[in-house]
Amino acid sequence: MIAYLVRRLAWMVFVLMGVMTLVFFVSRVIPADPIAAMLGGQAPPELVEKLKAKWDLDKPVIQQYIIYLYRLSQGDLGISIASGRPVMADLLHYFPATFELATAGTILSIFFGILLGVISAVKRGSFIDHVARVSALLGVSMPVFWSGLLMLLLFYYTLGWLPGGGQLPYYMSPPPRITGLVTIDSLISGQFSVFVVALKHLVLPSLVLSFFGTAAISRITRSSMLDVLREEYVTTARSKGLSEGKVVMRHALKNALLPVITVIGITYGRLLEGSVITETVFSWPGLGRYATNAFLALDFPAVVGSSMFIALLYAVINLIVDISYAYLNPKIRYH
Amino acid sequence: MRRGFLWELWRAIKSTPLSLAGLFIILALIITAIVAPYVAPYDPIATAPLERLKPPSRAHPLGTDQLGRDILSRLLFGAQISLRIAGIVALLAGVSGTIIGLLCGYFGGIVDDLLMRITDIFMAFPQLILAMAISSALGPSLENVIIAISITEWTVFARVARSRAVAIREETYVEAARAVGAGRWRILFRHVLPLSLSPIIVQLSLEMGGIIRTAASLGFLGLGAQPPTPEWGVMVTDGRRYLPGQWWVSTFPGLAIFFTVLGFNLLGDGIRDVLDPRLRRGR
């Protein structure tokens, strides 16, 4: 197991370097000029030259790459051109909001996905099964930005039940930053009114984000449950006279969950992707919006840094999925 | 491809109502794209300030946007754009990925190892974000969206083609062809390629919806096609500011994206069920 982990971690480093190199060169082979983009057309040439030198943009690309590698080895991702702060600090600042959103979205997807999947499988061919399958198809096909806007239109503009974006209203001061997760921090510091407001802000974006995951998880749960329900041990459990509920929950679902775990991992990765768009729709101050703004402003250090950070998250999620596999299925042994 | 293949496909699609619905949506989309210039009531780009933000009416069945452009006309032309993106990406990424995958799988060796590690890197990364990075670097435009998505997409086909080539390489008839003196290129293109096509087609049909959604997402974020292009994602963004009062501006283009992706997904599932023998046996 340890050897396996070491190999996986080494592979992760390789992948991260690959992503970094790819994005680095893609973002620098182009004629676009981030300094000009930042200053506008009328900037004095001396200032442009000075700023270019500050970000090493006046050096050959290969040299820039070596400088970047050297700094990276010391944990330095450079200074963001747009914000003027270290990219690492920016990433750590924006990450908790994305983590909160993606985790809430995943919890919702797991809950609704498994629920729908199990009901679909147990009541195969029924009306509920058809509804669940069709809504899963719709969930996969709906572009996140559009479902987000529709939810805003309904729950914010029309009904006024839920807030329209952000993590907290502007007049409410955020709780002291402990974990960076507004809901958790407000609980820790005992500010229940802030917690309730923060939770309300979280509902719409996480719900929108969960559509895709719910669809994917319910599909795989359904088919995996159908396979398991045909197994002999399920028949045995039934013939022992166990109640149907016990058979389904204890004997079938537990064994059906293995393939579901992979899909949950994939879903979490997809949520990172979806959060880029959801954060834009709901003005959520997270990593996705930071990355999008960096891309739009050609903020090279931020572009490479946030790409690597996202790749790292992705890799960590995949690793956790694989490890939880071994934990859940003792038949798998990693060498 | 063998004769009667399309017929078999059609029969299979016909037998499942959902894939039939998908086929109809896609056919409708193709027809829309073809006839758009002849049936669109207005110019999709010309602005009409006096007509701005008009609700759906007889003159403008789907209303007008913030510059007074007819949304129906823009949607019709948008169908051309979406299909063009999906078609060119499928061609670029599908062909290049297939060729690379076949060569890697058939010849193996160090180039194979290297290329597969490269595909691993691509796959270890959320596709949309890579496409965002490439598109922003190249400068957001319709052409660059196509390039960006193709760069993120080819790996999928390379993987599928490679795994087929590896399997077919060991088959006895390939051995036989080699024994009678067929050259490696002849074997590759006459024997390996045709037998690899169906999983690639399955993959292609499954990817189409995702390609269109990614393109629309890039447009929405401002990293794709640029205004005034009547691209659906751009149109949704245009309408965001007017959402509370003028819901039609972003709702209709969103609906168009949704139906298109849904159509491709339904059709893709249908094609997979026909062409993927493993699944067929399971039924």
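**Figure 1. A close-up of B:Ile212 and its contacts in the predicted model.** Setting aside neighbours within four places in sequence, B:Ile212 is in contact with seven residues of chain B, listed here in two groups. One group is B:Ser82, B:Ile85 and B:Ala86. The other is B:Ile257, B:Thr260, B:Val261 and B:Phe264.

**Figure 2. The largest nonpolar core, with B:Ile212 among its members.** This core holds 163 residues. Those that touch the most other members are A:Val19, A:Ala311, B:Ala133 and B:Ile212, so take a look at these four when you explore the view. Helix H9 of chain A (residues 192–229) gives the most to this core, contributing 16 residues. As background, nonpolar side chains tend to be buried together in soluble globular proteins.

**Figure 3. Where chain B meets chain A.** Here 37 residues of chain A are in contact with 34 residues of chain B. On the chain B side, the elements giving two or more residues are helices H4 (109–123), H5 (127–138), H8 (184–221), H9 (232–240) and H10 (248–275) of chain B. H5(B) supplies the largest share of that side, with eight residues. By type, the chain B residues touching chain A are 23 nonpolar, eight polar and three charged.

**Figure 4. How confident the prediction is for chain B.** Chain B has a mean pLDDT of 87, and 96% of its residues reach 70 or more. Among the elements of this chain, helix H3 (residues 71–107) of chain B has the highest mean pLDDT, 93, while helix H11 (residues 277–282) of chain B has the lowest, 49. A friendly caution: where pLDDT is low, the predicted coordinates should not be read in detail. The model as a whole scores ipTM 0.84 and pTM 0.87.

Key: Residues numbered from 1 in each chain as written. Chains lettered and ligands numbered in written order. Predicted model: local features only at pLDDT ≥ 70, side-chain atom pairs only at ≥ 80, totals over all residues. Helix = DSSP H or I, 4+ residues; strand = E, 2+ residues; numbered from the N terminus. Nonpolar A, V, L, I, M, F, W, Y, C, P; charged D, E, K, R; others polar. pLDDT = per-residue confidence, 0-100. Core = buried A, V, L, I, M, F, W, Y, C linked by C-beta atoms within 7 Å. Buried ≥ 20, exposed ≤ 12 C-beta atoms within 10 Å, placed from the backbone.
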